[in-house]
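Let's take a friendly walk through this structure. Have a look at it below, and then we'll go through the inside and the DNA side in turn.

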Number of protein chains: 2
Amino acid sequence: MKFSAQEEYGLRCLLRIAQSNSPNGLTIPEIANSEKITQSNAAKILRILRIGGFIDSSRGQSGGYKLTRTPEQIIVADVLAQLGGRLFESSFCNDHAGMELICTNSIDCSIRSLWRAVQSVVDGVLNKTTLKDLIGNENQATILLNNFVEETLELKQS
Amino acid sequence: MKFSAQEEYGLRCLLRIAQSNSPNGLTIPEIANSEKITQSNAAKILRILRIGGFIDSSRGQSGGYKLTRTPEQIIVADVLAQLGGRLFESSFCNDHAGMELICTNSIDCSIRSLWRAVQSVVDGVLNKTTLKDLIGNENQATILLNNFVEETLELKQS
DNA sequence: TTTAATCTTGACTTTTTTGTATAGATTGCA
DNA sequence: TGCAATCTATACAAAAAAGTCAAGATTAAA
């Protein structure tokens, strides 16, 4: 299980833009340079973010990319969903969609319920994390959240 | 973010073996047939599970695959790690490995700490789920665990 | 209006992942 | 022993993901 390259780079580019204080935002060369990727690749990724409504672009001299909203208003889960096509995609057993609680015998549904459990905890973190949480000194928050959940999981187990 | 095909098929094949009550275990044709994959593909995946020490194989007539331990003793996180090469692999910022708590300014470390937060909650579920939890009627457990974590996350947020 | 800086798009190439084929090795049994 | 059932391993092929290239469109400013 892993994040795709596009998810990682996309989120990173978005963070660069969020952290910029230039009035024109950031240009493709600037972003590509900070992230050590080619301009083509940056353009491709920024396109996805623009279509997703996270950034606005303007062309010509003094053009560049800016956030469409404040960092507080951008949810990391939404960003990753846009970059990855979907957040989790469980393949099989679409027969029993919506009735996981009764379908307990097939392997399809065992796996499905496990995938859902994982999806649920990941969403729990990503839906409550905004771009702002990842900027500057605020990223302590995710570490704390992380520790908290670990504790509660252990609690539940004992 | 998603599980690879190998992770999904591997776990599914292992569950088939775990659920079998035949004294010889299951053969490749049987597994391939239940999972609707080719025998070649099943063989490839079963090889990984064998190398990981989750199953034993015996050849010749009356051969097949069996678990090396009871289902209770097989942790889903271990299985997925074997199938996927690793459980999560965060790419960048190896400069600051081990000092995440002080490195708060770079994007590298912001992303890294987010990835770690996600990894932590996923591990929380997968390290506490055994094959037994996924067999028969026991898979309710993962759903309950899931709900529990969701609640605690909401609690923390308010 | 011309130019330079910038974004936009689609096609293409490379790499990685996934899946298949084939030849071989081991075992149990008649 | 010889055969049939089984696993084993490596190389090959197909598909998907990632990354690159090149031509074009828009804009601001000289």
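## Around one leucine

Start with A:Leu46: leaving out residues up to four places away in sequence, this leucine touches A:Cys13, A:Ile17, A:Ile28, A:Ile31, A:Ile55 and A:Tyr65. Keep in mind that this is a predicted model.

## The core and its cysteines

A:Leu46 also belongs to the largest nonpolar core, which has 83 residues. The residues with the most contacts inside this core are A:Leu11, A:Leu14, A:Leu46, B:Leu11, B:Leu14, B:Leu46 and B:Leu49. As a rule, nonpolar side chains in soluble globular proteins tend to be buried together.

Is A:Cys13 buried or exposed? A:Cys13 counts as buried because its relative accessibility is 0%, and buried means under 20%. B:Cys13 is buried too, with 0% relative accessibility. As for disulfides, a search over all chains finds 0.

## Meeting DNA strand C

Now for the DNA. DNA strand C is surrounded by 25 residues, and the closest are A:Ser57, B:Thr38, B:Ser40, B:Lys44 and B:Arg59. Of the strand's atoms that come within 4 Å of the protein, 69% are sugar and phosphate. The residues near the strand split into 13 polar, 6 nonpolar and 6 charged.

Which element gives the most to this surface? That's helix 3 of chain B, with 3 residues.

## Some polar contacts

A:Arg50 places a polar side-chain atom 2.9 Å from a phosphate oxygen of DNA strand C. Backbone atoms join in as well: a polar one of B:Ala5 sits 3.2 Å from a phosphate oxygen, and a polar one of A:Gly60 is 3.5 Å from a sugar or linking oxygen.

Definitions and conventions
Residues are numbered from 1 along each chain as its sequence is written. Chains are lettered from A and ligands numbered from 1 in the order in which they are written. This is a predicted model: local features need pLDDT of at least 70, side-chain atom pairs count only at pLDDT 80 or more; totals for chains, interfaces and linings use all residues. Side-chain values use heavy atoms; hydrogens and water are left out. A disulfide is a pair of cysteine sulfur atoms within 2.5 Å. Buried means under 20% relative accessible area, exposed over 50%, partly exposed in between (1.4 Å probe, protein chains only). A nonpolar core is a set of buried Ala, Val, Leu, Ile, Met, Phe, Trp, Tyr and Cys residues joined through side-chain atoms within 4.5 Å. Contact means heavy atoms within 4.5 Å. A residue is near a molecule or strand if one of its heavy atoms lies within 4 Å of it. A polar contact is a pair of N or O atoms within 3.5 Å; within protein, one must be able to donate a hydrogen and the other to accept it, and residues adjacent in sequence count only if both atoms are side-chain atoms. Helices (H or I, at least four residues) and strands (E, at least two) are DSSP runs, numbered from the N terminus. Ala, Val, Leu, Ile, Met, Phe, Trp, Tyr, Cys and Pro count as nonpolar, Asp, Glu, Lys and Arg as charged, and the others, Gly among them, as polar.
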